[in-house]
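Reader: I would like to learn how to read the inner spaces of a protein structure. Could we look at one together, one question at a time?

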Amino acid sequence: MLNIQKSNVVMKSSPSTGLSGCADIPGDKSVSHRSLIVGAMTVGETKIKGLLEGQDVLDTVGAMRQFGAKVVQHGSGEWSVFGVGVGGFAEPSQAINCGNSGTAARLIMGAMASTPITATFYGDASLNDRPMNRVTDPLILFGAHCVGRSNGHLPMTVKGAVDPIPIRYSVPVPSAQIKSAILFAGLNAPGKTIVIERKPTRDHTERMLKQFGAHIEIIETDDGCEIHLSGQPELDPQDIVIARDPSSAAFPICAALIVPNSSVFVSGVGLNPARSGLFTTLQEMGADLTIKNLREEAGEPVADLLACHSPDLRGVSVPPERAASMIDEYPVLSVVAAFAEGRTDMQGIGELRVKESDRILAMVDVLRSNAVPVEDGPDWLSVIGTGKKGVIGGTVCRSRFDHRIAMSCLILGLASQKPISVDNAGSIATSFPEFISLMNGLGADIQEVSE
Ligand code: S3P
């Protein structure tokens with residue numbers, strides 16, 4: 001497993017002659033964060049199976065402990081949270097380190113903002129550079145006070161509202177993190193908090209709050225939906241089984257499509273429609289990708305996926321309406337697009353510029369340095385596929401300390417003619433600590449390069 005302390009580790013991925021087998025993907029990151037935070041707001045024990053033990057989620061574990069919840073690990077992926085109830089968060093005695101995780105920072109700021117306590121949040125260089133006004137703007141309307149650095153950057157101190165007021169708020173950018181922060185803050189406000197969402201985003205928070213007994217209603221409207229949450233519920237502890245993360249499954253699946261002689265199976269992958277845009281896009285590109293056994297587990301759609309080498313991929317136009325449902329998958333999609341025949345246009349993806357890195361810029365650099373033609377604009381990226389010619393490789397790419405960029409570069413190396421190395425691959429441990437061993441178990445050759 002990667003040592004995340006050693007973030008400057010360089011990894012090299014060599015051309016593969018075929019990937020095969022079953023990939024055991026870890027638990028969903030979004031659902032893992034939420035299960036800990038919602039569990040901490042119940043009274044009693046919430047048991048969790050399949051928790052992702054990536055650094056981002058471990059930072060949420062640490063934060064929940066600082067707010068007074070007891071969080072215990074029983075075994076791999078098996079955890080219990082003993083919550084303190086809605087409005088029961090204690091004031092942390094130390095600042096909250098959210099590491100690299102925007103989800104941890106934004107959701108937890110929301111969860112404490114309607115409780116009369118004060119907490120300071122900070123993260124690593126990437127997180128401290130990401131926009132937080134998008135979350136503090138609505139939290140201030142609840143009555144919280146938020147003081148951060150200029151441009152609303154972390155470190156940020158949030159003084160929770162003494163008498164929180166429920167709000168009605170139209171989310172200005174499609175973001176499940178903003179929506180979730182508002183819903184979590186709304187839990188401790190009396191009356192109804194209403195979130196207006198014009199473009200759908202992942203709805204794990206709504207599903208989970210419902211499962212824990214909150215009164216939450218989704219009303220479809222002419223221009224999107226309204227989420228109505230009744231405040232100050234008593235949340236009942238639950239047993240939660242977390243589906244495998246589709247955003248992590250994307251890596252071995254995409255690798256199988258572009259590496260000859262490959263066949264990779266992943267079971268129990270979360271297939272929430274607000275997360276499955278990549279799989280739709282890959283099928284439109286002509287991928288040999290089969291979705292089987294679609295079922296519902298613990299309130300979320302889940303399926304098994306089989307991906308096989310697809311020599312005749314073609315470029316497609318990915319519509320902007322699909323962006324939120326595959327927002328974290330564009331880097332690896334751009335790698336697949338590099339092997340397709342023709343042009344892949346990805347539109348409406350301006351949000352990629354404010355992720356763990358500017359992911360449009362990062363992938364433009366990676367692909368251009370490997371002689372794959374690309375074009376980009378403020379909110380779009382086009383990759384002109386190399387088709388049968390393929391990608392030569394033989395480069396060292398910059399991950400910009402971004403886990404999804406690092407993994408995308410390593411997937412590119414598996415299908416190129418010469419190896420590709422990536423710097424600072426330690427960031428992979430934030431979301432997918434098993435990535436290297438899992439890929440090597442399928443037949444890849446990804447190794448640390450000794451300095
Ligand atoms: C997440 C939502 C997305 C996504 C992030 C996880 C979540 O961010 O990029 O990795 O768990 O709510 P935005 O909602 O800000 O787009």
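Reader: Which element supplies the largest share of the lining of the largest cavity?

Author: This is a predicted model, and a search of the whole structure finds two cavities of 30 Å³ or more. In the largest cavity, α6 (204-211), β14 (239-241) and β17 (300-308) each supply at least two residues of the lining. The largest share, four residues, comes from α6.

Reader: How many residues of the lining of the largest cavity are nonpolar?

Author: About 130 Å³ of space lies in the largest cavity, and of the 13 residues that line this cavity, those closest to its centre include Val 31, Val 241 and Glu 300. Divided by class, the lining has three charged residues, two polar ones and, as the number you asked for, eight nonpolar.

Reader: How much space lies in the second largest cavity?

Author: Among the residues lining the second largest cavity are Asp 28, His 204, Gly 270 and Arg 275. By class, this lining has four nonpolar, three polar and four charged residues. The space in the second largest cavity is about 60 Å³.

Reader: What share of the area that the ligand exposes when taken alone does the protein bury?

Author: The ligand sits in the largest pocket, where α1 (29-40) and α5 (176-187) each supply at least two residues of the surrounding shell. A polar side-chain atom of Ser 175 lies 3.0 Å from an oxygen atom of the ligand, while a backbone N or O atom of Ala 176 lies 2.7 Å from a ligand oxygen atom. Taken alone, the ligand exposes 380 Å², and of that the protein buries 95%.

How values were computed:
Residues numbered from 1 in each chain as written. Predicted model: local features only at pLDDT ≥ 70, side-chain atom pairs only at ≥ 80, totals over all residues. Heavy atoms only, no water. Polar contact = N/O pair within 3.5 Å; in protein donor to acceptor, adjacent residues only side chain to side chain. Areas by Shrake-Rupley, 256 points an atom, 1.4 Å probe, with all protein chains shown as cover. 1 Å grid on protein atoms, 1.4 Å probe; cavity = no way out; pocket = protein on both sides within 12 Å on 5 of 7 lines; lining within 4 Å. Sits in = over half its atoms within 2 Å of the grid points. Points joined across faces, edges and corners; volume = space filled by probe spheres on them. Nonpolar A, V, L, I, M, F, W, Y, C, P; charged D, E, K, R; others polar.
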